[in-house]
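Here are some remarks for a colleague who wishes to go through the metal sites, the internal cavities and a few local contacts. Please read them alongside the sequence and the coordinates.

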Amino acid sequence: MQTEVVKGNEEAVPGNGLDRENYINAKHGIWSWLLTTDHKRIAILYLVSITLMFFMGGAFAAGVRLELMTPKGDLVDSDAYNKLFTMHGIVMVFFFLIPSIPAVLGNFLLPIMIGAKDLAFPKINLLSWYFYIVGVAVFLVACLFGGVETGWTFYTPYSTAFSHTNVILAALGIFIAGFSSILTGLNFIVTIHKMRAPGLTWFRLPLFVWAHYATSLIQILGTPVVAVTILMVAVERLLKLGLFDPALGGDPILFQHLFWFYSHPAVYIMILPGMGVMSELITAFTRKRVFGYEFIAISSLAIAVVGFLVWGHHMFVSGQSTYAGMVFSALSFLVAIPSAVKVFNWSATLYKGSVSWESPMMYAIGFIGLFTIGGLTGLFLAAMGLDIHMHDTYFVVAHFHYIMVGGAIFAYLGGIHFWWPKITGRLYPEYWARVAAVLVFAGFNLTFFPQFVVGYLGMPRRYHAYPEEFQVLNVLSTAGASLLGIAYLIPMVYLTWSLFAGKKAPANPWGAKGLEWTIQSPPTTFNFDHQPVVTEEAYAYAEGHDTSHDAAPPAAPVRA
Amino acid sequence: MSSSTHHPAYVHHFENLSEQKEAATFGMWVFIAQEVLFFGGLFAAYAIYRNLHPEAFYFGSHHLNIPLGAANTAVLIFSSLTMALAVHAAALGKRQQIVGWLLATVFLGSVFLGVKVVEYKEKFDHHLVPGASFQAGQLGMAEHIADPVLRGKAERASQIYFSLYFSMTGLHALHMIIGVPLILWIAARAWLGQFGPEYHSPVEIIGLYWHFVDIIWIFLFPLLYLIPKPH
Ligand code: HEM
Ligand SMILES: [Cu+2]
């Protein structure tokens, strides 16, 4: 079936598009990138920019961990320490994790997975990247002027009446980047509704697409609320209107309600796309149809909906009424159900599958374990009585890092590796990828597991000094962080190396199912030469049969 | 290939022109959903603070200019009508009528904004703009609330009422200020004959936007201007 392999090219790999026309060589020059409307090129723009932000956030984290090696506040003073963790949080949440999977993998893959030539609104897609970049720039200016130290949560009245740092600029940066998130969500929703290929019914969609649909709903319905809230903080700070000042009749707790109304759902903006990646990885490396497709699909929507009703679990000790606390606690238990449905279904998919351990799968298996720990400890925290003890301790810090780093970033890295051959047309060195995956896993656990313990023992978060008996656990954590930092650099090196010297990738190196694997790697600008028609359900693997050696899909015809 | 893929407005990444039109309209609805939540944050703050400070809201509300606000409401409703007529004309492909009704909409929108400027200036002159120059004494609570503690509380909180008044109506006005040039742009395209029965999505979409901005005002007017005396 391998048609029309380019003649006279000894290295020709079936389905590899590097020597043909593809989205990368279709146009040249910096402006062809900065003004592109191709969803794949915009994904690359995001990939580069969020990677830079990731390392910036990492540098702040290194500062935090170095300070915490010793019980005394000897490396930086408390003000500097407050700035370090605040800017770490802001960069990682708003400028890295929220855009990460949707804006990079989602942008690149979503149109291809549904058999479309592009997103519905390509120019708005480009605009969203510019919103992101301007948001980053404004935030960087805030950093240059000395940064901000309110915590990523900007709690009032500290942020409005007391802080002497660049609250307004930092908030403005987040506000602007928020529109990038909204526009991406808008684009995805319209694209999924209106541009699916013939035959691609809702229940034939890859679960990656379902997850992004649910994420987009949250982006559309949550982000504007935090935007207007941030605006109120800025205005209040400038004009002292009393909006959050009890002396003038304002209510600082209102800020927390509005903030968490977005920011709890926002944690699902960060994890749902990762769950989407997981479903793709697990099926590809077990060569099985996913167990309980419909349940996984619907559980994404359930998470998006119920996730909007649990924000009060961040406010058990903020003076919220006990009855409100009880309702929020019960609803928080409820939201864990759809998450658990996914975990059980992935595990059930592994059962009797022909599991193989390529590097993306290593990240996927890591995700299942770490996300489970993160989610279960979320339930501890959602139990009101326990939370009185654990609120604002390192236990909370460990909880959300298990989900955001152990879950979301593992999924992101797994996804980047899985689709790297598709995105770049090159294979990366699998040996090094496995080494890095093991090191990331080890470094991660060494960093964050001790934080559960030290938090449970009572170490509060957000202080630069702590009692001496906590030192051993903190040193362990800092050691783990160093390992983790190095482990993150390894993929940077070999992935960059592979761009120039990696083996050429075929169209479907993993033998996986999905429309993206039927086109050349890297794809052409409009993805498909002919409108694809979908005739089967997602993940229609012939069970127990290794498809990786089946006939490669037809290569795209050579262009002049 | 159907003939709709040869229309000059057709963009190649859609299957055909009707898919393109549906996507554009749907996109506007999603955008409006986003807008509802954006205003929603302010409406939530309004609800909480009116509940906490009923007197402050009552007295603040009575220093708004109800006749001007009511007239403006009529102007906006009328502008929604002219907008609807523009969309209707677009569906019939009547070029001059589209332009005429769109310009009428722009005119009414500008009247609204002009009246708003007059109202804002009034507040400015009466020292009712929140900030350093705000004077709650202007609200005349002294004659009505005898208890000095309660009065002080209401006077301090009245600044919150006016903050919400300015941010809600200001955000609304900002949406109109963005809308007016957009309508002019669509009118220019209509003048160039770009819309007809087969394709007039931009007119429909700007219409949706305008109606949305209108509806927001329909909520703002009673909430801000027509607050009854609390008991
Ligand atoms: C299984 C569902 C989950 C439950 C029941 C849950 C529960 C909780 C609770 C009760 C808290 C507040 C603890 C406190 O401050 O005392 C909390 C904090 C937090 N959670 Fe979760 N969580 C869940 C999932 C997630 C996910 C998926 C993420 C991120 C992707 C996440 C990120 C966070 C963050 C960032 C905080 C700390 C916020 C801060 O105060 O800075 N959680 N969680
Ligand atoms: Cu939460």
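The points below take up the metals, then the cavities, then a helix and a salt bridge.

1. Please bear in mind throughout that this is a predicted model, and that the distances discussed here are therefore computed from predicted coordinates.

2. The copper ion (ligand 2) is coordinated by three histidine atoms, namely ND1 of A:His264 together with NE2 of A:His313 and NE2 of A:His314, at distances of 1.9 to 2.0 Å. Along the sequence these donor residues follow the spacing H-x48-H-H. Because A:His264 lies in helix H8 (residues 252–286) of chain A while A:His313 sits in the loop between helix H9 (293–306) and helix H10 (322–350) of chain A, the pair ties together parts that are 49 residues apart in sequence.

3. The iron atom of ligand 1 has a single donor from the protein, NE2 of A:His399, which is placed 2.2 Å away. A:His399 itself belongs to helix H13 (residues 394–424) of chain A. When the two metals are considered together, the iron atom of ligand 1 and the copper ion (ligand 2) are separated by 4.4 Å.

4. As for internal space, the structure holds 4 cavities of 30 Å³ or more, and the largest cavity has a volume of about 180 Å³. Of the 20 residues that line the largest cavity, those closest to its centre are A:Phe94, A:Ile98, A:Ala177, A:Gly178 and A:Ser181. Helix H3 (78–113), helix H6 (167–194) and helix H7 (207–239) of chain A are the elements that each give two or more residues to this lining, and the largest share, 7 residues, comes from H6(A). What is the make-up of the lining of the largest cavity by class? The lining of the largest cavity has 14 nonpolar and 6 polar residues, with no charged residues.

5. Helix H2 (residues 39–67) of chain A offers a simple check on geometry: at 1.5 Å a residue its 29 residues should span 42 Å, and because its end C-alpha atoms are 42 Å apart, the expected and modelled values agree. The N-terminal end of H2(A) is capped by A:Asp38, a side-chain oxygen of which lies 2.8 Å from the backbone nitrogen of A:Lys40.

6. The count of salt bridges over all chains comes to 9. One of these salt bridges joins A:Asp19 to A:Lys504, with the closest N and O atoms 2.9 Å apart. A:Asp19 lies in the segment before helix H1 (30–34) of chain A and A:Lys504 in the segment after helix H15 (471–501) of chain A, so this pair ties together parts that are 485 residues apart in sequence.

Definitions and conventions:
Residues numbered from 1 in each chain as written. Chains lettered and ligands numbered in written order. Predicted model: local features only at pLDDT ≥ 70, side-chain atom pairs only at ≥ 80, totals over all residues. Heavy atoms only, no water. 1 Å grid on protein atoms, 1.4 Å probe; cavity = no way out; pocket = protein on both sides within 12 Å on 5 of 7 lines; lining within 4 Å. Points joined across faces, edges and corners; volume = space filled by probe spheres on them. Helix = DSSP H or I, 4+ residues; strand = E, 2+ residues; numbered from the N terminus. Nonpolar A, V, L, I, M, F, W, Y, C, P; charged D, E, K, R; others polar. Donors = N, O, S within 2.8 Å, 3.2 Å for Na, K, Ca; no water. Expected span 1.5 Å × (residues − 1). Polar contact = N/O pair within 3.5 Å; in protein donor to acceptor, adjacent residues only side chain to side chain. Salt bridge = Lys/Arg side-chain N within 4 Å of Asp/Glu carboxyl O.
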